[in-house]
Amino acid sequence: MSLLEIKNLTAKLADEDKQILNGLNLTVEKGQVAAIMGPNGSGKSTLSYVLAGREDYEVTDGEALLDGENILDLSPDERAAKGLFLAFQYPIEIPGVGQMTFLKAAVNAQRRKNGLDDMPTPEFMKLVNGRAKELGISPDMLRRSVNVGFSGGEKKRNESLQMALLQPKLAILDETDSGLDIDALKIVADGVNAMRSPDRGFVVITHYQRLLDYIKPDVVHVLSAGRIIKSGGAELALELEANGYADIVGKAA
Amino acid sequence: MPAVQETVEQVRAIDVDQYKYGFSTEIEMELAPKGLSEDIVRYISARKNEPAWMLEWRLDAYRRWLTMREPDWARVDYPQIDFQDMYYYAAPKSNAAPKSLDEIDPAILETYKKLGIPLREQEILAGVAPENRIAVDAVFDSVSVVTTFKEELKKSGVIFSSISEALHEHPELVKQYIGSVVPTTDNYYATLNAAVFSDGSFVYIPPGVRCPMELSTYFRINEQKTGQFERTLIIADKGSYVSYLEGCTAPMRDENQLHAAVVELIAHDDAEIKYSTVQNWYPGDSQGKGGIYNFVTKRGDCRGARSKISWTQVETGSAITWKYPSCILRGDDSQGEFYSIAVSNGAQQVDSGTKMIHLGKNTRSRIISKGISAGRSQNTYRGLVSAHRRATNAKNFTNCDSLLIGNACGAHTVPYIESKTASAVFEHEATTSKVSEDQMFYCMQRGLTQEEAIALIVNGFVKDVLQQLPMEFMVEAQKLIAISLEGSVG
């Protein structure tokens, strides 16, 4: 069974008529890193939001199976507990809520939904401190409010930290490279690479090939006008980098 | 985090109605005849066996009240109150003057137990470390039923009793201070209170004494059609310190009940009073039926040099709140603080804030107000900061933040700033924000339910103020806020 199987997914913004996803089909296997590339406005971010269950979008047709179960009727927190994680393009600030409070709330909320007891605090502290160190997150960052006053790089590293703590089955990275300098990009990529495993899949959404120098994809899909128009190996990304999207998009149209 | 989880569990445990203090106690009561007149004022005074000067003081107030008009400047809306259609005095019959807890009606003890306020000292002592003990004055409708730890407090010279008792045992202190901060002529409700107040707490901290425990008063309205008019007087003599907390609840009834209290604080040279309120009167149902009208006058007088008065309030209850705990910064170098969390949901209306009146030199004040509106509620911050001509170098910092949940509620900020001295520095910051869908989605994507996400975001919003509460009440207040917001989304 595939980790993620999207069949004929059609979706639009809840308060607009225009379809953004138009019968999208996509399969991601366990252990696979699938890159999704595409021009602006092709529906990349919409795909990530629809999979994570954002309310602003309405699914008008199709299904998305995670481990064989259609998740489109589940609430965002239920999807999260089933192992779906979205690394945000623009992580959200929550003033006054300490990082540790937030991380612990997230970890325990998911544990409870999966019938586990809360993680004992000492164990949790040890886990966070260990992962934070690997990602170059300073103790000071852990004492601050969630994402408040963080630089672009810090925010993305913070997303990586959350991913490392929550150990998802399927991680969707939405334009993780935006706003990152090379050093920050490397740290985030190292974090993802360290989590690659035969049981876990990644969907790496990106506009530029650059990120894929650091996170080597197994497959590359090209998204245009709300559907996958071409799939190939890592070399497809390089081809896009050299020739631009117009060539492929033109052919498909 | 545990607090957030507990909050959510508590919210779930509450089935249909969110208000868990809504039960009423069946107990035989002695009521004054219905309505208000000079005779009723005399009746109350006689019931309390008051000295003649006190009765005169009440009658003066009553006669003045007859000439006054109800204020209508607040942003609240309610039908005309019929002051003849309520009782002004209600006392448990069995409880004329209990000498000890054994003489108190068990139904009352049970009521307080149910509210989580143990009144038996041995029960309190059993589970609590000495430094965490809290002395309680329990006011049930119109009378104080018991005050705990009085003997122990006496050892350090602290007087903590009901105001009725203080009138007999320390009449000179009461006479000297009562009405000296909130005069009988002050405003419509304060004047009414002066005429008919039935009980309340009295605290005197002698010079140089740091009160050895937290003091608190727990107000309970039980009887139907009854107004509660309590009066609290706290005096911190030179160089003393006291921290005081009040809590309030009432049964769920579909009538509106009036609570018009007066609180006066006096801080002499170098004294400090910290006054915290957790107000959880019955707010009415989601349609706006029933609930308490909480029309309260609270004022502190920093009478001495370098004195300090700090108000902290967590307001979640009442159908209507009309309340402006204030500080008169009379002494040079005195300080006033006001920290407020006002939560409104359903059809609640809140018009609350503070007044910082700078009279002395180098006086400082600080206002942090967090308003949270949900449902169809209206939540107004109204505040005055003023500096007298002589108040050179007065400083104020004000920060008012409003948080909206949903799109049918309102938040309003009405600051008044008056400065008559060029050297005053007044700063005012205000923000209004909404619990954003982005924040909710972010939290939920990480696994939090909608309820957990709201609780987390709101607790973050009010953190600065919660930290001002005595430790024991911080968690309690956190839970209360989340419960008040149940059903505010989705």
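Here's a walk through one helix pair in chain A and then the contact between chains A and B, all in a predicted model.

Let's start inside chain A. Helix 3 covers residues 99-113 and helix 4 covers residues 121-134, and their axes come within 11 Å of each other, crossing at roughly 110°. Angles from 65 to 115 degrees count as roughly perpendicular, so that's the label helix 3 and helix 4 of chain A get. As for handedness, the crossing of these two helices is right-handed.

Which residues do the touching? From helix 3 of chain A come Met100(A), Leu103(A), Lys104(A) and Val107(A), and they meet Thr121(A), Phe124(A), Met125(A), Val128(A) and Asn129(A) of helix 4. Sort the residues of this helix 3 and helix 4 contact by character and you get six nonpolar, two polar and one charged.

Now step out to the interface between the chains. People often describe an interface's size by the accessible area lost when the parts come together. For chain B and chain A, the buried area is about 2300 Å², with carbon and sulfur atoms giving 63% of that. On the chain B side, Phe441(B), Tyr442(B) and Arg446(B) are the trio to look at: they supply 35% of the area that chain B buries against chain A, more than any other three residues. In residue terms, 20 residues of chain B are in contact with 34 residues of chain A.

There's some charge pairing here too, with three salt bridges between chain B and chain A. Arg446(B), already one of that trio, forms a salt bridge with Glu159(A), where the closest N and O atoms are 2.6 Å apart.

Key:
Residues are numbered from 1 along each chain as its sequence is written. Chains are lettered from A and ligands numbered from 1 in the order in which they are written. This is a predicted model: local features need pLDDT of at least 70, side-chain atom pairs count only at pLDDT 80 or more; totals for chains, interfaces and linings use all residues. Side-chain values use heavy atoms; hydrogens and water are left out. Axes are lines fitted to C-alpha atoms, for helices over the stretch in contact, and angles run from 0 to 180 degrees between N-to-C directions. Helices (H or I, at least four residues) and strands (E, at least two) are DSSP runs, numbered from the N terminus. Angles under 35 degrees count as roughly parallel, over 145 as roughly antiparallel, 65 to 115 as roughly perpendicular and the rest as oblique. A crossing is left-handed if the near helix is turned anticlockwise from the far one by less than a right angle, and right-handed if clockwise. Contact means heavy atoms within 4.5 Å. Ala, Val, Leu, Ile, Met, Phe, Trp, Tyr, Cys and Pro count as nonpolar, Asp, Glu, Lys and Arg as charged, and the others, Gly among them, as polar. Buried area is the accessible area (1.4 Å probe) that two parts lose on being put together, summed over both. A salt bridge is a side-chain nitrogen of Lys or Arg within 4 Å of a carboxyl oxygen of Asp or Glu.
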